[in-house]
Amino acid sequence: MIDPLLLIAFLPAALALNLTPGADMMLCIALGLRAGPRAAVAASAGVSTGAMVHVTLAGLGLGAAMAALPGLFTAIRWIGAAYLLYLAWSMLKAPAPELAAVPRRERPFRTGLVTNLSNPKVILFILAFLPQFTSPERGPLLPQFLILGAVIAAGGFVINAGAGALAGRLGTRLGTRLGAGLWLRRLSATIFAGLALRLILQRSAP
């Protein structure tokens with residue numbers, strides 16, 4: 001279904017994409033610092049699930065509709081920014097003993113999923129990137145999109161989870177030291193606020 005030569009060319013491109021620090025990696029690092037390695041891994045799984053949703057929508061052609069509707073793009077972007085700001089505020093006001101555990105109202109998988117889905121730039125990037133490695137002559141585009149998207153999602157899960165888990169181990173060690181927990185919460189909240197600002201400053205056009 002996919003030209004093997006194109007797939008060989010796609011793999012290093014996908015690896016380079018996954019290794020580039022971005023919003024997803026910073027999210028996993030922030031949650032790792034906030035709540036430990038397991039939370040980072042769960043968040044990475046949520047991010048990869050969101051990526052597959054974007055890939056499916058792009059393969060179905062809905063991404064083109066989003067690109068043509070700047071109002072929808074803007075609404076999703078602002079919802080995502082508001083969610084990230086809420087998480088940042090929750091981290092700042094949480095008491096220090098909660099640093100090592102995620103409160104029940106905070107679900108790392110859901111956080112990763114919602115944050116990824118609320119970034120419309122992801123689906124627009126997929127629309128620009130994946131078609132370079134697909135061909136209508138080899139069959140329906142949706143299965144091709146799903147295969148290539150699965151490669152990106154799997155690689156992203158491993159790399160983002162690894163980065164978040166390392167941050168989680170560091171956070172666990174520092175969290176036991178006097179005053180370190182407060183600074184870790186502040187650092188995590190700053191990362192979330194920065195991701196929210198990044199969404200707010202994005203242009204409404206691809």
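How exposed is glycine 61: buried, partly exposed or exposed? Glycine 61 comes out as partly exposed, with a relative accessible area of 39%. A few notes on this predicted model follow, starting from that residue.

1. Glycine 61 first. You'll find glycine 61 in the loop that links H3 to helix H4 (62-68). Its C-alpha is 9.0 Å from that of leucine 142, although 81 residues of sequence lie between the two positions. As for its 39% relative accessible area, that is neither under 20% nor over 50%, so glycine 61 gets the partly exposed label.

2. The overall picture. The chain is built from nine helices and zero strands, so reading from the N terminus you simply get α-α-α-α-α-α-α-α-α. Of its 206 residues, 44% count as buried. The exposed area of the chain is about 10300 Å², and carbon and sulfur atoms supply 72% of that. Take the contacts between residues at least 6 apart in sequence: 85% of them join residues at least 24 apart.

3. H3 against H6. This is the helix pair I'd look at on screen. Helix H3 covers residues 37-60 and helix H6 covers residues 108-117; their axes come within 6 Å and cross at roughly 35 degrees. The crossing of H3 past H6 is right-handed. On the H3 side, the contact is made by Ala39, Ala42, Ala43, Ala45, Gly46, Val47, Thr49, Gly50, Ala51, Val53 and His54. H6 brings Pro108, Phe109, Gly112, Leu113, Asn116 and Leu117. Sorted by type, the residues of this contact are 11 nonpolar, six polar and no charged.

4. Asparagine 116. One of the H6 residues in that contact, asparagine 116 has a relative accessibility of 3% and counts as buried. Beyond its neighbours within four places in sequence, asparagine 116 is in contact with Asp24, Val47, Gly50, Ala51, His54 and Val122. Of these partners, Val47, Gly50, Ala51 and His54 are also listed on the H3 side of the helix contact.

5. Threonine 115. Just before it in the chain, threonine 115 also sits in helix H6. Its relative accessibility is 9%, which is under 20%, so threonine 115 counts as buried too. A polar atom of its side chain lies 2.7 Å from the backbone oxygen of threonine 111. Setting aside residues up to four places away in sequence, threonine 115 touches Leu27, Tyr83 and Leu84.

6. Methionine 52. Back in helix H3, methionine 52 counts as partly exposed at 22% relative accessibility. The cut-off for buried is under 20%, so at 22% methionine 52 misses that class. With neighbours within four places in sequence left out, its contacts are Leu146, Gly149, Ala150 and Ala153. The C-alpha of methionine 52 is also 9.9 Å from that of alanine 154, with the two residues 102 apart along the chain.

7. Arginine 38. Also in helix H3, arginine 38 has a relative accessible area of 78%. That is over 50%, so arginine 38 is classed as exposed. Its C-alpha is separated by 7.1 Å from that of alanine 165, a residue 127 places away along the chain.

Notes:
Residues are numbered from 1 along each chain as its sequence is written. This is a predicted model: local features need pLDDT of at least 70, side-chain atom pairs count only at pLDDT 80 or more; totals for chains, interfaces and linings use all residues. Side-chain values use heavy atoms; hydrogens and water are left out. Axes are lines fitted to C-alpha atoms, for helices over the stretch in contact, and angles run from 0 to 180 degrees between N-to-C directions. Helices (H or I, at least four residues) and strands (E, at least two) are DSSP runs, numbered from the N terminus. A crossing is left-handed if the near helix is turned anticlockwise from the far one by less than a right angle, and right-handed if clockwise. Contact means heavy atoms within 4.5 Å. Ala, Val, Leu, Ile, Met, Phe, Trp, Tyr, Cys and Pro count as nonpolar, Asp, Glu, Lys and Arg as charged, and the others, Gly among them, as polar. Buried means under 20% relative accessible area, exposed over 50%, partly exposed in between (1.4 Å probe, protein chains only). Accessible areas come from the Shrake-Rupley method with a 1.4 Å probe; for residues, only the protein chains shown count as cover. A polar contact is a pair of N or O atoms within 3.5 Å; within protein, one must be able to donate a hydrogen and the other to accept it, and residues adjacent in sequence count only if both atoms are side-chain atoms.
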